[in-house]
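Thanks for coming, everyone. I would like to spend a few minutes on how two chains meet, and on how some of their helices pack.

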Amino acid sequence: MADSVSSEEVAVISNTDITSTESENNIINTMVERGTALLRKLEINVAEAEKRTGKNTVNMQETYTVYLIEIRPAETEGGTPAAPDTLWRRYSEFELLRTYLLVTYPYIIIPPLPEKRAEFVWHKLSADNLDPDFVERRRVGLENFLLRVASHPVLSNDKIFFLFLTEEKGWRDAVLETGFQDKADSRLKSLSAMFRVKNPDKRFTALKQYSDELNSVISQLLRIRARVADRLYGVYKVHGNYGRVFSEWSAIEKEMGDGLQSAGHHMDTYAASIDDILEEEEHFADQLKEYLFYTDAVRSVCRKHELIQYELEMAAQDLAQKKQQKEELATGTMRIFSLKGMTSKLFGQESPEQKESRLAALEQSIQEGEETVKEKNTECQEFVRAAWDDIEHFKEQKDKDLREALISYAIMQISMCKKGIQVWSNAKECFSKM
Amino acid sequence: MSGHTVPADFSEHMLDLDEDEDLEVFTKNTSLPDGSPLPNSPSSMVNQYRLEDDDEGKEDANTKDIFVTVDHPESQVTAIETFILYRVVTRTTRSDFDSSEYEVRRRYQDFVWLRSKLEEKHPTLIVHPLPEKFVMKGMVERFNDDFIETRRRALHRFLNKISEHPILSYSQHFQVFLTAQDLAPHRKQGPGFLSRMGETVRAVANSVRGLRSRPEEFAVMQEYVDDFSNKMCCMDKVSQRIVKEQREYVDDLKQYSPTYARWGELEEELTEPLKGVASCVVQCSKEAEEHIQHLSEVLVPALHEYVLCAETLKAVMRRRDNIQAEFEAKNEALLTRKAEQEALQEEVDVLADRMEQANNSLKGDWVRWQHSMKTDLRSAFISAAEKNVEYYEKCLAVWESFLVSQRAEASGGQEDVA
């Protein structure tokens, strides 16, 4: 188990006394708590994105994007902001960092990265990874990821994370040196555990189910949103045709000409306004996507728990079997099938010395087994405790973030309505002057 | 006066010859709405409708003495066919009507008859178009409720346009249409199918011969008509496309609310805002549907009507051209042929007179029509713009009340949103 679980961190997790100014900052600054030691020291930004070309691992030319991470010491009162330390990272390095975190802190819901490829796109939005709008949204998503990690009571103390922010060249080696890849559970192992756990923890089962349903509902919402965006785009853009026809028509009219012409301009304005509207809505979609990807992280934690539980059950079962064997050996009865017992029956009983040594071996094995069970039990309990702390923390964060996302969605709708009222009131005036 | 052979029924023909009679009927009003002296000749009609005031429409309402409505479509089934009968109710104070109120039943074909009679008698007046016989796209059935309602509205507008027309509203055919319980005997009278055929043949012949030259003002008019027709077709298409896109938008929008509701059921703390959003979306969808309804009932039909008007205008221009062509042809015959000078001269005089009257009618009606077009389309556009504003205002209110409910929920301060 990673060494950053301590009672100190637990205190930090349950610290929810944020002041009202901090509360306001939260709303302004994408819902991130500033409660961690790391964020008290540093300000983190992903400031820019740049295209690079280089040779990849198979020695082929490729174009990729790198992102500039800026670290500066947290602002002191009245001091001038210092120049930032910067380094460049590409998306794959973020992925490596996240995989490391996943393996190292399996009881933590690791914040997700922004999507690798554009999904749930509506037609006008490019699905091209090099498209500037996509890159920009990804930049924001990466910054969000770093801030989420930096504000997490456990994750923010991780050394490798710190190196990621500060050590451009040496980081990759440092990560690989941790040997985290060996600690990763094989997919097969965890899948088989999923089906064989006898006493699943009800809370985790419920959580997994919730996570799956949330995933499904958000996916559906995003699909609908993409379709609705497409339609709305169509509605607004067709009004642009009014602009053109009004303009042409105004040329042949005497009295109506001016009114038509100016009304036409408003139609053009209306048609153009959809671009900004949908761009803002994209931000809302990104907020939903973050929680869509979070559900994968939640599922990960549940699966890890299943695995640990399964291993515990296996160890207990193994121990029980051995005890059974010992009992049988001691009493001479064979209640459960064992090869040794069978061969003894077939080829004759063993000598008392042999029996003695076998008993001793079993005794040893049982002791080891009891140790293992005790360890696994502790591991499981520790896991459950730590995981559940983080889950509570996550739930609070999710409720707060999503509520604010819904509010900002409403604000967006209001803004869109106001624009519509403006344009059509203007158009009406032009028509009245016709 | 439409240049066909003098029909057997003289009385009607005499009415045709005497345009002044129509005018005299009109001159029962002692003065015009704008206070200028009343006209008593066709040419002075040209000045009559040079209206500058926007109050014209309101004053019309005050001086209107005939009110027509079309309603209560009812399906009629006979052995041979099924058709719709519309109720036409007339209320009038005009003395040339025997009664002040009439109620009759008319079918689409009766309207077609009326219109063709009006056009025959007044070939260069702009007679408002009827709704189309069929609607090709969308596989609309003839007896589909929306279709019937759209048609009813258009027929209502048609009769109102006729009743507001200073000349057409005093047409005998119009009166018969509004008052006769049984239209059938009237439909059999007068120049009918064959004479219309004749006119078409002559029109084709004339167009082949070609027009020597169009007077400047009619050349300008023709150009305008062609452009206007183009623009109206575009407007019609754009509007219909907008309705279609909006329908598709609303269909997809509606899918939000069950999804948000489903999500709400998953959550605990978030249930209330999620259900709030679901309900907002439902309300906005309703507003959007109302908006679409209004567009389909007001703007789209208005624009479509003027597409048909443009076709009417083209036909009027053609008929005017034909009248001119006939005169020119006869005139040429007069100049080239040495025999029958006297007879030809008489014919030429008749045709010249006819041409002058046709041109003057058109000139006068043209101004009236332009004004009417401007009023109609302006009002349709204003209505559409108003409805858009109303739609956005209602949606705004929906989302604002959601915000208010969320702020009430929240403990501690949240920032004020402009």
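Let me begin with a term: a salt bridge here is a side-chain nitrogen of Lys or Arg within 4 Å of a carboxyl oxygen of Asp or Glu. By that rule, the side chains of B:Glu386 and A:Lys428 form a salt bridge, at 2.9 Å from N to O.

Before going further, please keep in mind that this is a predicted model, in which local features need pLDDT of at least 70 and side-chain atom pairs count only at pLDDT 80 or more, while totals for chains, interfaces and linings use all residues. Residues are numbered from 1 along each chain as its sequence is written, chains are lettered from A and ligands numbered from 1 in the order in which they are written, and side-chain values use heavy atoms, with hydrogens and water left out.

Between chain A and chain B there are seven salt bridges, and the whole structure, searched over all chains, has 65. Another salt bridge, also 2.9 Å from N to O, pairs the side chains of A:Arg231 and B:Glu248. Because A:Arg231 sits in helix α10 (residues 202-250) of chain A and B:Glu248 in helix α10 of chain B, this pair joins two chains. Helices, I should say, are DSSP runs of H or I with at least four residues, numbered from the N terminus.

Now the interface as a whole. Taking contact as heavy atoms within 4.5 Å, 58 residues of chain A touch 58 residues of chain B. Together the two chains bury about 5,800 Å², with 71% of it on carbon and sulfur atoms; buried area is the accessible area (1.4 Å probe) that two parts lose on being put together, summed over both. On the chain A side, A:Tyr242, A:Arg403 and A:Leu406 supply 11% of the area buried against chain B, more than any other three residues.

How, then, is α10(A) placed against α11(B), residues 256-266? Their axes, which are lines fitted to C-alpha atoms over the stretch in contact, with angles from 0 to 180 degrees between N-to-C directions, come within 10 Å and cross at roughly 160°. The two helices are therefore roughly antiparallel, a label for angles over 145 degrees. Residues making this contact include A:Tyr210, A:Leu221 and A:Val228 of α10(A), and B:Tyr256, B:Trp263 and B:Leu266 of α11(B).

The α10(A) helix also meets α13(B), residues 341-409, where the axes come within 16 Å and cross at roughly 155°, so that this pair, too, is roughly antiparallel. Here A:Tyr236, A:Phe246 and A:Trp249 of α10(A) face B:Met373, B:Leu377, B:Phe381 and B:Tyr392 of α13(B). By class, that contact has seven nonpolar, no polar and no charged residues, where Ala, Val, Leu, Ile, Met, Phe, Trp, Tyr, Cys and Pro count as nonpolar, Asp, Glu, Lys and Arg as charged, and the others, Gly among them, as polar.

Finally, within chain B, α10(B), residues 216-253, packs with α12(B), residues 271-336, at an angle of about 160° with axes 8 Å apart, and the two are therefore roughly antiparallel. Their contact residues divide into 23 nonpolar, nine polar and eight charged.

Terms used. Parallel < 35°, antiparallel > 145°, perpendicular 65-115°, else oblique.
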